Amino acid sequence: MSEKLQKVLARAGKGSRREMETIISAGRVSVNGKVAYLGDRVEGSEQIKIDGHSVSLQAKDDEICRVLMYNKPEGEMCTRKDPEGRPTVFDRLPKLDSSRWIAVGRLDINTSGMLLFTTDGELANRLMHPSRKVEREYAVRVFGEVNEAMLQRLRAGVKLEDGPARFQKITYRGGEGRNHWFHVVLSEGRNREVRRLWESQEVQVSRLIRVRYGDMEMKRQLPSGGWTELSLKEVNYYRQLVGLPPEVQSKVKVDEKVMDNAKSRRIRRSVKKHQTRHQQSTRRRRS
């Protein structure tokens, strides 16, 4: 049975389906020596190349689907390489031999919290796609006066420049003066959507933290800048959530599942060393 080329490449770990559509449209993909076009279908036995480099589809079929949870700090870019030399969310992830980590959505440079990575492009695509309605929950600190009429408008829906948007749920979490904390839930990941929704009510977001993706919350003891690999049960939660078959193997050993204080301290030390090396490298480039 044939499948769309971008879907096959995404499943092979070469990027998200959207990224694959972009490189196909740019003429960077060939099938059996001929330039591929968006909409082409393949059966999996063809010789597929990206920028002249062969793509091994069969090897990918045998690989284990892996998922990382990353606690993104503010100041990191959701890109593989930043031309200005700023730190990126990919800098500290474990190295892979035959595939690569794909970010499940993005968080802007001033947003922190839970960010998922996977080696399975199809899983990433489904978790991000609006049709799946996977919930994202954010802790938001807003500056300005907030009243019930504003909250009602945000629940009912407001018109943004790229279409209507709304929060499915808003919960007040306290505050002092003109600073107030709320937890908000939505089921799509449009660019700066949380910030733009609050700005439509003339209040400013001064802090934004993603705390949940689906029903899984950020692990409390995972330090800022640290990552942990999800267990087989956790990986299969996300696969079942978006209608993919379960995995039967995991890279995670049983004793690695618990995020205890000792592991948290080890991650903090590792993050600190990485930050120090990055700062030293930045200073050398500037000098």
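This is a short tour of a predicted model, moving from its domains to a sheet, a helix and a loop.

**Domains**

Start by colouring the domains separately. Domain 1 covers 3-62, domain 2 is made of two segments, 67-130 and 216-285, and domain 3 covers 135-213. Next, show domain 2 and domain 3 together. Their C-alpha centres are 25 Å apart. To see the contact, look for 19 residues on the domain 2 side and 12 residues on the domain 3 side. About 1,200 Å² is buried between domain 2 and domain 3, and carbon and sulfur atoms account for 42% of that area.

How many salt bridges are there between domain 2 and domain 3? The count is 2.

Now select Arg 207 and Glu 74 and show their side chains. These residues form a salt bridge, with 3.2 Å between the closest N and O atoms.

**The open sheet**

Move to the sheet that contains strands 3, 2, 5 and 6. Its 4 strands run in the order 3-2-5-6, the sheet is open, and the pairing is antiparallel. Select 34-35 for strand 3 and 53-54 for strand 6: these strands stand at the edges with a single partner strand each, so one side of each has no neighbour in the sheet.

Then select residues 29-31 and residues 48-50, which are strand 2 and strand 5. They form an antiparallel pair with 3 bridges. Within this pair, pick Ser 30 and look across to strand 5; the residue opposite is Lys 49. With backbone atoms shown, bear in mind that strands of a sheet pair through backbone hydrogen bonds.

**Helix 8**

Select residues 261-286. This is helix 8, with 26 residues. From its first C-alpha to its last, helix 8 reaches 38 Å, close to the 38 Å expected at 1.5 Å a residue.

Which residues of helix 8 are buried? Select Lys 263, Ser 264, Ile 267, Val 271, His 274 and Thr 282. Add 227-229 to the view: this is strand 17, against which the buried residues of helix 8 pack.

**The loop before helix 8**

Finish at Lys 253, in the loop that lies between helix 7 (232-241) and helix 8. Is Lys 253 buried or exposed? Its relative accessibility is 56%, so Lys 253 counts as exposed. For a last distance, select Arg 178 as well. Lys 253 and Arg 178 are 75 residues apart along the chain, and 47 Å separates their C-alpha atoms.

How values were computed. Residues are numbered from 1 along each chain as its sequence is written. This is a predicted model: local features need pLDDT of at least 70, side-chain atom pairs count only at pLDDT 80 or more; totals for chains, interfaces and linings use all residues. Side-chain values use heavy atoms; hydrogens and water are left out. Two strands pair if DSSP finds at least two bridges between them. Helices (H or I, at least four residues) and strands (E, at least two) are DSSP runs, numbered from the N terminus. The expected span of a helix is 1.5 Å times one less than its number of residues. Buried means under 20% relative accessible area, exposed over 50%, partly exposed in between (1.4 Å probe, protein chains only). Contact means heavy atoms within 4.5 Å. Domain bounds come from an automatic or database domain assignment. Buried area is the accessible area (1.4 Å probe) that two parts lose on being put together, summed over both. A salt bridge is a side-chain nitrogen of Lys or Arg within 4 Å of a carboxyl oxygen of Asp or Glu.
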